[in-house]
Amino acid sequence: MTPDAPSFSFLPGADASPVILHVPHSAREIPAEVRKGIVLDDGALERELDHITDAHTARIAEEAALLAAAAPWRFVNRLSRLVVDPERFPDEREEMRAVGMGAVYTRTTHREPLRPEDTDPEPLLARYFRPYARAMADAVGERLAAVGRVVVVDVHSYPAAPLPYELHGDGPRPAVCLGTDGFHTPPELAAAARTAFGEIGDTGLDSPFAGTYVPLEYYGKDPRVSALMVEIRRDAYMSEPGGPAGPGLTRLASALAALVDAVTG
């Protein structure tokens, strides 16, 4: 990736599809200039990437897009969330700031130093966070203009055992956790996801991770934008931490395609 290249890709789907599969945490790439600000040595950084990366989720989304009757659009982050986390609030609204994991992380999954505590987040927010947020908002706006509604499906994964950074790690850890929002997740969307992922294993709502991603200019304002976070427990499809995918990946892609078909209409 060249220094001036976008840190994300917006991959086209069917003209009539309202669905955007959002894949924010699947990549491991860290630009050289960003790496300089991380205090971990190379070995420790690789171990942290094993824990923090939602491995293979871009592939799950890609295979689901191929299986769906009408291909969804896909918005994929090409850089590690250790560069910036595009799903965090960039201000005091973000609860993960309490453990050094706001939009720009200063702590690791094990609450060890990742960057100096006095790191100025602004250069990273300006270079990576805001362009990503703008592009995602534009993608939602484009689909609204085209078909009049949008369904953002966040594709994530999470470890079978809680990591020290988790603020709500003492609750249930189902095979598929569905993160919801009181404004943007209609009951029928959550119900469709429960049906689609039922063959994978147990499903649950908002534990251990809650909420879902909507661009801030639409958040809490535009009911035409619905959204759901799909958090897949990693032992359902891969070896932890950071290992290869197994046969469960194909089943998950099929389930995600079924959800896409159900909400596309």
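## Charges and surface

In this predicted model, the 26 positive and 39 negative charges of the protein have mean positions that sit 1 Å apart. The accessible surface adds up to about 11100 Å², and carbon and sulfur atoms account for 54% of that area.

## Overall fold

Start at the N terminus and the elements read β-β-α-α-α-β-α-β-β-α-β-β-α. That gives the protein 6 helices and 7 strands. The radius of gyration is 17 Å, close to the 18 Å the globule rule gives for 265 residues, so the protein is as compact as a globular protein of that length. If you want box dimensions, the C-alpha trace spans about 50 × 35 × 35 Å along its principal axes.

On the inside, buried residues make up 55% of the 265 in the protein. As for contacts, take those between residues at least 6 apart in sequence: 79% of them join residues at least 24 apart.

## A buried arginine

Now for one residue worth a click: Arg-74, which lies in strand β3, residues 73-77. Which side chain of opposite charge is nearest to Arg-74? That would be Glu-62, at 4.9 Å. A salt bridge here needs a side-chain nitrogen within 4 Å of a carboxyl oxygen, and Arg-74 has none, even though it is buried.

So what does Arg-74 touch, once its neighbours within four places in sequence are set aside? Its contacts are Ser-9, Phe-10, Leu-11, Leu-21, Ala-61, Glu-62 and Ala-65. Glu-62 therefore turns up twice for Arg-74: as a contact, and as the nearest side chain of opposite charge.

Definitions and conventions. Residues numbered from 1 in each chain as written. Predicted model: local features only at pLDDT ≥ 70, side-chain atom pairs only at ≥ 80, totals over all residues. Heavy atoms only, no water. Helix = DSSP H or I, 4+ residues; strand = E, 2+ residues; numbered from the N terminus. Rg over C-alpha atoms; globule rule 2.2 N^0.38 Å. Buried < 20%, exposed > 50% of the residue type's maximum accessible area, 1.4 Å probe, protein only. Contact = heavy atoms within 4.5 Å. Areas by Shrake-Rupley, 256 points an atom, 1.4 Å probe, with all protein chains shown as cover. Lys, Arg positive; Asp, Glu negative; His and termini not counted. Charge placed at Lys NZ, Arg CZ, Asp CG, Glu CD.
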